[in-house]
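This report describes a single chain, with attention to its sheet, its surface and its charged pairs. Please look over the sequence and the structure before reading on.

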Amino acid sequence: TASNGGKMASDMDWVTAEHMTGTSIMAVQFDGGVVIGADSRTTTGSYIANRVTDKLTMVTDNIYCCRSGSAAHTQAVADMVSYYLELHSVEIGENPRVKTAANVFREICYSNRDGLSAGIIVAGYDKYEGGQVFSVPLGGMCERQPFAIGGSGSTYVYGHLDKEYRDGMTKEECFKFVSEALALAMFRDGSSGGVIRMAAISADGVERKVIP
């Protein structure tokens, strides 16, 4: 019947829907570096296309980004920024600054704001300003923050983060802060799930953790 046909069409929305990293991502700075984290669920409409996606994307050795929005858009933007920064690092003879990376993300996202679905958190460490976190939300604004959160799961945990965040946290305290916030977001948000991936970026390199 017509009604059954309509129901079947709605049940098959994942066939034509775009891959989305409908998501919970966050980053927080500590004295000497940053801790970043994300869930691992990628959805195509209401269908879970991948439950172990790695949304912590390396841009350079000392800078990572967390991606939310369209998987295709955010991967393409991250690849472009990585390419530009690789050339820039050759020109200056050292690793690029975190704020340089954030401004390249901002320029690309703002210039293509009408066509991109990309919310990015840029985080990393450089010898000039230590650990830094920049938020580049939809539309291409860029702002440095002590911590940032994004994605569909973020709306559930702003109050928790405002209550629990404090200046001067250690690396291990930041790991705990990020994992608890992401676990709460994943519990409430149907588009977030899977495992929690985290990484600490500092002068010593990158330390990664996975919480099943």
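In which helix is Met 80 found? Met 80 belongs to helix H2, which spans residues 71–92.

## Overall composition

The model is predicted. The chain contains five helices and 13 strands. Of its 212 residues, 45% are buried. Among contacts with a separation of 6 or more, 62% are between residues 24 or more positions apart.

The exposed area of the chain is about 10500 Å², and carbon and sulfur atoms supply 52% of that area.

## A nonpolar patch

Met 80, Tyr 83, Tyr 84 and Leu 87 make a nonpolar surface patch of about 410 Å². Met 80 has a relative accessibility of 37% and therefore counts as partly exposed.

## The five-stranded sheet

Five strands form an open sheet in the order E11-E2-E3-E12-E13, and their pairing is antiparallel. Strand E11 (147–150) and strand E13 (205–211) are at the edges; each has a single partner strand, so one side of each is left without a neighbour in the sheet. On average, neighbouring strands of this sheet are turned by 15 degrees against each other, direction ignored. Strands of a sheet pair through backbone hydrogen bonds, in either a parallel or an antiparallel arrangement.

Strand E12 covers residues 196–202 and pairs with E13 in the antiparallel sense over seven bridges. The two strands form a hairpin, with two residues between them. Within this pairing, Ile 196 stands opposite Ile 211 of E13, and Ile 201 has Val 206 of E13 as its bridge partner.

## Helix H5 across the sheet

Helix H5 (residues 171–188) lies across strand E2 (25–30), strand E3 (33–38), E12 and E13. The helix runs at about 160 degrees to E2.

How does Ser 179 of helix H5 stand with respect to the solvent, buried or exposed? Ser 179 has a relative accessible area of 15%, and because this is under 20% the residue is buried. Leaving out residues up to four places away in sequence, Ser 179 touches Ile 196, Met 198 and Ile 211. Ile 196 and Ile 211 also stand opposite each other in the pairing of E12 with E13.

## Gly 37 in strand E3

Gly 37 is placed in strand E3. With a relative accessible area of 0%, Gly 37 is buried. Which residues are in contact with Gly 37, leaving aside neighbours within four places in sequence? They are Ser 24, Ile 25, Met 26, Leu 56, Cys 66, Val 178, Leu 182, Arg 197 and Met 198. Met 198 is also among the residues that Ser 179 touches.

Gly 37 and Phe 175 are 138 residues apart in sequence, while their C-alpha atoms are 8.5 Å apart in space.

## Salt bridges

Side chains of opposite charge can pair when their charged atoms come close. The structure holds eleven salt bridges. Lys 99 forms one of them with Glu 129, with 3.5 Å between the closest N and O atoms. This pair links distant parts of the chain: Lys 99 is in helix H3 (residues 98–111), and Glu 129, 30 residues apart from it, is in the loop between strand E8 (118–126) and strand E9 (130–136). Glu 129 also forms a salt bridge with Arg 144, where the closest N and O atoms are 3.1 Å apart. Here too the pair links distant parts of the chain, as Arg 144 is in strand E10 (residues 143–144), 15 residues apart from Glu 129 in the loop between E8 and E9. Lys 99, Glu 129 and Arg 144 are thus linked in a network of salt bridges.

The members of this network are partly exposed: Lys 99 has a relative accessibility of 34%, Glu 129 has 33% and Arg 144 has 36%. A further salt bridge joins Lys 163 to Glu 164, with the closest N and O atoms 3.2 Å apart. In that pair, Lys 163 is exposed, with a relative accessible area of 67%, whereas Glu 164 is partly exposed at 32%.

Key
Residues are numbered from 1 along each chain as its sequence is written. This is a predicted model: local features need pLDDT of at least 70, side-chain atom pairs count only at pLDDT 80 or more; totals for chains, interfaces and linings use all residues. Side-chain values use heavy atoms; hydrogens and water are left out. Two strands pair if DSSP finds at least two bridges between them. Helices (H or I, at least four residues) and strands (E, at least two) are DSSP runs, numbered from the N terminus. Axes are lines fitted to C-alpha atoms, for helices over the stretch in contact, and angles run from 0 to 180 degrees between N-to-C directions. Contact means heavy atoms within 4.5 Å. Buried means under 20% relative accessible area, exposed over 50%, partly exposed in between (1.4 Å probe, protein chains only). Accessible areas come from the Shrake-Rupley method with a 1.4 Å probe; for residues, only the protein chains shown count as cover. Patches are made of residues with over 30% relative accessible area and no salt bridge: like charges are joined within 9 Å, nonpolar side chains (Val, Leu, Ile, Met, Phe, Trp, Tyr) within 5 Å. A salt bridge is a side-chain nitrogen of Lys or Arg within 4 Å of a carboxyl oxygen of Asp or Glu.
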